[in-house]
Amino acid sequence: LAFSPNPASNVVGGIFRVNILRPGTDANQELTVTLTRSDPSIFLSNTNSFQFFRYDASFEVVLTGLAAGTATLHAACGPYSTNLNVIVGIPTITVTPSPITNLVGETRVLTFTRSSTEGGARLPIGLSSSDPSIFSLATNAVVMGADSFTTNMELTGVSSGTGTLQVTISS
């Protein structure tokens with residue numbers, strides 16, 4: 001058994017595909033492969049086991065990044081086993097407009113965007129105002145849906161001053 005590619009790099013909310021290559025010496029046998037994750041909080045696999053049918057050369061597994069970190073996907077089948085190192089990073093989120101200039105009482109729509117190369121799965125985004133007396137947020141979280149690369153949220157100016165919008169990626 002072997003993974004390709006290895007290691008696998010992904011981001012929170014990203015979908016990544018890897019192939020498990022069959023051992024060549026058992027090409028004419030059916031093989032059941034079991035998959036286990038060293039830390040299920042880091043990534044999700046679309047299956048915990050699968051069957052290599054006769055003459056199948058590989059099987060595709062879909063991994064979804066859940067939280068930043070590193071974990072291992074272990075594949076085992078009889079005398080064969082292998083490990084895939086999975087590295088999950090934080091996606092790059094852009095906020096527009098930036099900088100935000102607002103009048104007291106004015107409401108602006110902010111757009112949050114992630115790269116199309118980092119998307120695929122649902123992505124919760126936590127939001128907070130460094131100073132709620134300067135500006136308020138319509139909500140403290142937004143969600144970028146599966147297969148979506150943008151989401152919007154409203155911000156309202158409360159009083160004169162400067163504040164910071166804090167953006168965090170959650171799982």
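Two aromatic pairs are present in the structure, which is a predicted model. In one of them, Phe 50 and Phe 52 meet edge-to-face. Their ring centres lie 5.2 Å apart, with 80° between the planes. Both Phe 50 and Phe 52 are buried. The rings of Phe 50 and Phe 59 also pair, with centres 4.0 Å apart and planes at 5°, so this pair is stacked. Planes under 30 degrees apart count as stacked. Phe 50, Phe 52 and Phe 59 thus belong to one aromatic cluster.

Accessibility was computed for members of this cluster. Phe 50 has a relative accessibility of 6% and therefore counts as buried, the limit being under 20%. Phe 59 has a relative accessible area of 26%, so this residue is partly exposed.

An open sheet is formed by four strands. Their order is β1-β3-β7-β5, and the pairing is antiparallel. Strands β1 (2–4) and β5 (43–45) are the edge strands. Each of these pairs on one side only. On average, neighbouring strands of the sheet are turned by 35° against each other, direction ignored. Within the sheet, β3 (residues 15–21) pairs with β7 (residues 58–65) in the antiparallel sense. Seven bridges connect this pair of strands. Phe 16 has Leu 63 in β7 as its bridge partner.

Cis peptide bonds precede two prolines. The bond from Asn 6 to Pro 7 is cis, with omega near 10°. Pro 7 sits in the loop between β1 and β2 (8–11). Thr 96 and Pro 97 are likewise joined by a cis peptide bond. Here omega is about 0°. Pro 97 is located in the loop between β10 (93–96) and β11 (107–114).

Positive phi values were computed for two non-glycine residues, Tyr 55 and Asp 147. For Tyr 55, phi is near 70°. Tyr 55 lies in the loop between β6 (49–52) and β7. Its relative accessible area is 56%, so Tyr 55 is exposed; the cut-off for this class is over 50%. For Asp 147, phi is about 65°. Asp 147 is placed in the loop between β14 (141–144) and β15 (150–157). With 62% relative accessibility, Asp 147 counts as exposed.

Methods: Residues numbered from 1 in each chain as written. Predicted model: local features only at pLDDT ≥ 70, side-chain atom pairs only at ≥ 80, totals over all residues. Heavy atoms only, no water. Phe/Tyr/Trp six-rings, centres within 6.5 Å; stacked < 30°, edge-to-face > 60°. Buried < 20%, exposed > 50% of the residue type's maximum accessible area, 1.4 Å probe, protein only. Pairing = 2+ DSSP bridges. Helix = DSSP H or I, 4+ residues; strand = E, 2+ residues; numbered from the N terminus. Axes fitted to C-alpha atoms, helices over the stretch in contact; angles between N-to-C directions.
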